[in-house]
Amino acid sequence: MNNNVFVTAIGVVTPIGIGVTDFTAGLKQGNSNFTYLEKKWNEKTMSYPMAIVQDFQFLKEVNALDLPDDLKNKVKRIRNLTKSEKFGLLTVLEAWSQLNIESIDLSKVAIVLCGSNTQMDHILGVHEQYREKLTFMNPNYGLSLFDTDLIGVISELLQIKGEGFSVGSASASGNMGVIQATRLIRSGEFDQVVVVAPLMDLSIFELQGFTSIGAMALCSDSIGPTEICRPFDSEPNGFVYGQMAGSLILESENSMKQTNNKAIASVAGYGSSLDSNRNPNPSVEGEMIVMGKALSMAGLESKAINYINAHGTASKIGDLTESEAIVKMSLRNASVNSTKSLIGHGLTAAGLVESIATLIQMKEGFVHVSKNISQPITEEINWVTQKNEKKLNHTMNNSFGFGGINTSIIYSNL
Amino acid sequence: MKNQIIQIIKENLVEIMPELEGEEISLDETFLDLGANSMDRGELIALTLEKLDLEVSRIEFVGAKTINELAEAVAKFHN
């Protein structure tokens with residue numbers, strides 16, 4: 001049985017563009033959209049740097065998609081969707097609108113949701129709203145407190161009847177979802193998998209938690225929001241949270257013969273590993289292991305990779321570690337950028353949205369600028385300091401998570 | 001009082017099911033026939049009790065299948 005796995009559709013919401021068309025334009029132009037946001041808690045006003053999706057109007061965006069009216073009407077009738085779910089659902093619907101679905105066996109379609117604890121701001125809101133009137137709790141909270149509520153919504157709307165589950169691997173959740181979905185197809189059990197990473201919607205508690213652990217950048221008087229996010233610069237500030245969501249649809253080669261869906265790229269290889277380390281610090285060895293596993297599964301030598309979408313969060317230790325791993329893996333033909341320099345860190349959604357950024361660059365033949373590298377952390381890597389046209393054949397997307405979770409995926413052009 | 005409660009239930013039902021807006025809603029048709037699923041009914045009860053500031057367990061109302069029945073059950077707890 002031929003179980004090659006291909007990406008046949010994508011959908012995305014980011015701070016520099018809602019939908020694939022706008023996100024592609026944003027990447028080409030090297031736009032970013034960072035701001036210092038004030039949030040109130042009790043009497044205190046806190047300030048956090050972040051990249052925000054402005055003017056997100058869910059139903060207006062759904063209406064603009066090329067979908068049957070009855071599906072749009074079903075979407076309109078669904079109540080009590082959280083912000084995280086609306087972001088995720090829109091990306092699924094965008095991807096779905098690109099597919100030929102007539103000949104799909106919906107019992108052979110699975111849904112993999114990337115991320116855990118994706119709705120923290122919603123949950124805090126419910127707790128605040130019902131603090132003094134617990135008995136009047138909206139019963140919908142019994143559904144929406146599960147991240148997997150979105151799986152129910154998607155399956156009901158699209159009548160998907162295969163398997164559904166969520167995958168949590170901290171900031172590597174997006175990549176881990178692609179890896180698990182690839183396995184579902186390679187096993188022969190499923191023809192298609194909808195991989196969705198909804199918005200990881202942080203409340204002020206998570207923002208403060210990431211500040212406390214020293215991972216997140218602090219707002220500064222001496223540096224403006226446009227310069228705050230500096231992956232691979234010699235003076236980085238820590239990561240900057242970005243609001244985003246993404247979906248991609250994976251399909252088997254056999255299924256594509258029936259559906260005539262067109263491939264954007266293949267999932268040629270992947271690697272994942274643990275560092276046996278509960279802490280947030282990364283490991284050169286662990287990162288080399290997953291890049292090596294991905295290369296070996298894809299049957300490629302290091303020199304074949306001509307683009308890397310780095311994890312590159314702008315954490316000093318993280319960026320140094322990843323740079324060293326890339327150099328030691330002899331990935332010297334690769335142009336390297338960090339999509340986080342434009343849209344921030346989507347945490348559990350980052351790996352999937354950055355996979356989508358990778359696929360867009362492959363399809364369009366360019367590499368986007370990696371912003372704010374004034375003085376690179378190392379000269380041994382080919383950083384993309386300005387947008388370039390480049391034909392990308394084999395690309396690598398790295399994603400690493402707290403708790404020593406490493407992932408790397410190779411996408412190949414056909 | 002019961003009429004007031006019926007009015008509140010109707011308003012809440014339209015809030016939950018906007019497709020009923022402008023429709024004539026029968027007080028004796030079952031919620032199921034009106035198109036409300038179990039989540040909608042649960043939310044209807046929670047919203048109605050909240051508007052009336054009635055702290056009563058929802059278990060008291062699970063048997064109410066129509067607007068009239070629900071209004072009667074709620075009225076028992078409303079002074």
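## Close-up views of chains A and B

**Figure 1. Chain A holds 15 helices and 17 strands.** The model shown here is predicted. Along the principal axes, the C-alpha atoms of chain A fill a box of roughly 60 × 55 × 40 Å. The radius of gyration of chain A is 20 Å, which agrees with the value near 22 Å that a compact globule of 414 residues would have. Of these 414 residues, 52% count as buried. Contacts across the sequence are frequent in the count for chain A: among those between residues at least 6 apart, 82% join residues at least 24 apart.

**Figure 2. Three strands of chain A make an open sheet.** The strand order is β3-β4-β8 (chain A). The pairing is mixed. The edges are taken by β3 (34-41) and β8 (241-242) of chain A. Each edge strand has a single partner, so one side of each is left without a neighbour in the sheet. Strands of a sheet pair through backbone hydrogen bonds, either parallel or antiparallel.

**Figure 3. Strands β3(A) and β4(A) run antiparallel.** Strand β4 of chain A covers residues 44-51. It is joined to β3(A) by 8 bridges. One place to look is Thr35(A), which stands opposite Met50(A) in β4(A).

**Figure 4. Helix α15(A) is mostly covered.** This helix of chain A runs over residues 350-364. Its 15 residues reach 21 Å from the first C-alpha to the last, close to the 21 Å expected at 1.5 Å a residue. Of the 15 residues in α15(A), 13 are buried. Just after the helix comes Gly365(A), which takes a positive phi of about 70°.

**Figure 5. Chain B is built from 4 helices and 0 strands.** From the N terminus on, the elements of chain B run α-α-α-α. The radius of gyration of chain B is 11 Å, close to the 12 Å that the globule rule gives for 79 residues, so chain B is as compact as a globular protein of that length. Its C-alpha trace spans about 30 × 25 × 20 Å along the principal axes. Buried residues make up 25% of the 79 residues in chain B. Of the contacts in chain B with a separation of 6 or more, 61% come from residues 24 or more positions apart.

**Figure 6. Helix α1(B) has a buried side and exposed residues on the other.** Helix α1 of chain B spans residues 2-16. Its 15 residues reach 21 Å from the first C-alpha to the last, close to the 21 Å expected at 1.5 Å a residue. Ile5(B), Ile9(B) and Leu13(B) are buried. These three cover an arc of only 75° around the axis, which puts them on the same side of α1(B). Asn3(B), Gln4(B) and Gln7(B), on the other side of the helix, are exposed. What covers the buried residues of α1(B) includes α3 and α4 (67-77) of chain B.

**Figure 7. Chain B touches chain A.** Here 8 residues of chain B are in contact with 8 residues of chain A. Helix α3 (residues 38-51) of chain B gives the most to the side of chain B that touches chain A, with 6 residues. By class, that side of chain B has 4 nonpolar, 1 polar and 3 charged residues. Helix α3 of chain B also appears in Figure 6, among the elements that cover the buried residues of α1(B).

Terms used:
Residues numbered from 1 in each chain as written. Chains lettered and ligands numbered in written order. Predicted model: local features only at pLDDT ≥ 70, side-chain atom pairs only at ≥ 80, totals over all residues. Contact = placed C-beta atoms within 7 Å. Helix = DSSP H or I, 4+ residues; strand = E, 2+ residues; numbered from the N terminus. Nonpolar A, V, L, I, M, F, W, Y, C, P; charged D, E, K, R; others polar. Expected span 1.5 Å × (residues − 1). Buried ≥ 20, exposed ≤ 12 C-beta atoms within 10 Å, placed from the backbone. Arc of directions from axis to C-beta. Rg over C-alpha atoms; globule rule 2.2 N^0.38 Å. Pairing = 2+ DSSP bridges.
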